[in-house]
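What follows is a walk through one protein chain, from its overall form to single residues. Please keep the sequence and the coordinates at hand while reading.

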Amino acid sequence: MFFKSYFYKSLYRLIIHNGFTKGRNHQSALGTIWTDFKAQVDGLNREQFTIVAWDPIGYGKSRPPDKVFTPDFFEKDADVAFEFLKLLKIPKFSILGWSDGGITAMILTAKYPSVVNKLVIWGSNSFILPHEVENLKKIKDVKSWSNKMRQPMIDVYGEEKFAKYWSDWVDGMVFISETKNGNICSELIKNITCPTFILHGEKDPLVDNVHVSHLHTNIESSRVHLYPDGKHNIHIRYAEDFNKKVQEFLLLP
């Protein structure tokens, strides 16, 4: 009853019906459908795919409540997403996840393998390295960000709320680093059995290239595509090529 009441009243979701293949989008840290996935919502083939995108609890338009970045917030988001799709009566689907959304997608796929056809992740990691934590600390103060990067988030959350949310998220990642030796979900990824597509920008300033080889080694049915000059947002910078490659993967038998 909790999920029925909560989802229909408070969880912001976008559902585009038409296609025979179900696709599910998970976004980055603090990201929303429209800040992160406009190029995919507008660009993926709507005759071949039914797209379901959401703002997780505490993000974007799925507020209140505010997000609390507990050490298990990724797993909580994965469980909520699973229940959400059950409510929508979508028995099986493929998942696209970027950054934090990729972590959530990996956890969901590992915990509930029977409901996932295929998994697509990019800019994602199952653990966090010490130098990555130090890089996050350097950008904890959003005043150091460029206006181009900061303004879309201010438009969603307001200046004060965005600054606090981002600071709290960074503190959450530091806590994971200090108390769990940086582990986010590494013990789970071996349970991912569906075909998996890992994409990565080799100049990503947030997610080290070592994560690609780690995921590829530990997810048995995985393949990799690298963008040599890509950074963290390859699905935006290379939207047309990215969408094409993802669609081709999803439509493989």
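From the whole chain to single residues

K92 is partly exposed, with a relative accessible area of 39%. Its place is in the loop between helix 4 and strand 4. From the C-alpha atom of K92 to that of I121 the separation is 18 Å, the two residues being 29 apart along the chain. The model in which K92 is placed is a predicted one.

Now the chain as a whole. It holds 11 helices and seven strands. The radius of gyration is 17 Å, close to the 18 Å that the globule rule gives for 253 residues, so the chain is as compact as a globular protein of that length. Along the principal axes, the C-alpha trace spans about 45 × 40 × 35 Å.

Of the 253 residues, 53% are buried. The accessible surface of the chain comes to about 11800 Å², and carbon and sulfur atoms account for 55% of this surface. Contacts that link distant parts of the sequence can be put as a share: of those between residues at least 6 apart in sequence, 76% join residues at least 24 apart. As for charge, the chain carries 32 positive and 29 negative side chains, with the centres of the two sets 5 Å apart.

How far does the predictor trust the model? The mean pLDDT of the chain is 90, and 90% of the residues reach 70 or more. Residues 1-9 are a stretch over which pLDDT stays under 50. For residues 1-9 the model has 17 contacts beyond four places in sequence.

The backbone comes next. Most residues other than glycine have a negative phi, and most peptide bonds are trans. Which residues are joined by cis peptide bonds here? R63 and P64 are joined by one, with omega about -5°. Another cis peptide bond joins P64 and P65, where omega is about 5°. P64 lies in the loop between strand 3, residues 49-54, and helix 4, residues 73-87. P65 is also found in the loop between strand 3 and helix 4.

Positive phi values occur as well. S99 is not a glycine, yet its phi is positive, at about 60°. This residue is in the loop between strand 4 (93-98) and helix 5 (100-111). Is S99 buried or exposed? Its relative accessibility is 10%, so S99 counts as buried, the cut-off being under 20%. N181 is likewise not a glycine and has a positive phi of about 55°. N181 sits in the loop between helix 8 (159-179) and strand 6 (196-201). With a relative accessible area of 74%, N181 is exposed, because exposed residues are those over 50%.

Three buried residues give a view of the interior. L119 belongs to strand 5, residues 116-122. Its relative accessible area is 0%, so L119 is buried. What does L119 touch, not counting residues up to four places away in sequence? The list consists of I95, A105, M106, T109, I192, C194, P195, T196, F197 and F249. Among these partners, I95 falls within strand 4 (93-98), while A105, M106 and T109 fall within helix 5 (100-111). T196 and F197 fall within strand 6 (196-201). The C-alpha atoms of L119 and V246 are separated by 10.0 Å, although the two residues are 127 apart along the chain.

D77 is in helix 4. At a relative accessible area of 6%, D77 is buried. Neighbours within four places in sequence aside, D77 is in contact with W54, P56, K67 and T104. One of these partners, W54, falls within strand 3 (49-54), and T104 falls within helix 5 (100-111).

V133 has its place in helix 6, residues 130-138. V133 is buried, with a relative accessible area of 4%. Leaving aside neighbours within four places in sequence, its contacts are I128, V174 and S177. V174 and S177 fall within helix 8 (159-179). The C-alpha atom of V133 is separated by 9.6 Å from that of D171, 38 residues apart along the chain.

Definitions and conventions:
Residues numbered from 1 in each chain as written. Predicted model: local features only at pLDDT ≥ 70, side-chain atom pairs only at ≥ 80, totals over all residues. Heavy atoms only, no water. Helix = DSSP H or I, 4+ residues; strand = E, 2+ residues; numbered from the N terminus. Rg over C-alpha atoms; globule rule 2.2 N^0.38 Å. Buried < 20%, exposed > 50% of the residue type's maximum accessible area, 1.4 Å probe, protein only. Contact = heavy atoms within 4.5 Å. Areas by Shrake-Rupley, 256 points an atom, 1.4 Å probe, with all protein chains shown as cover. Lys, Arg positive; Asp, Glu negative; His and termini not counted. Charge placed at Lys NZ, Arg CZ, Asp CG, Glu CD. pLDDT = per-residue confidence, 0-100.
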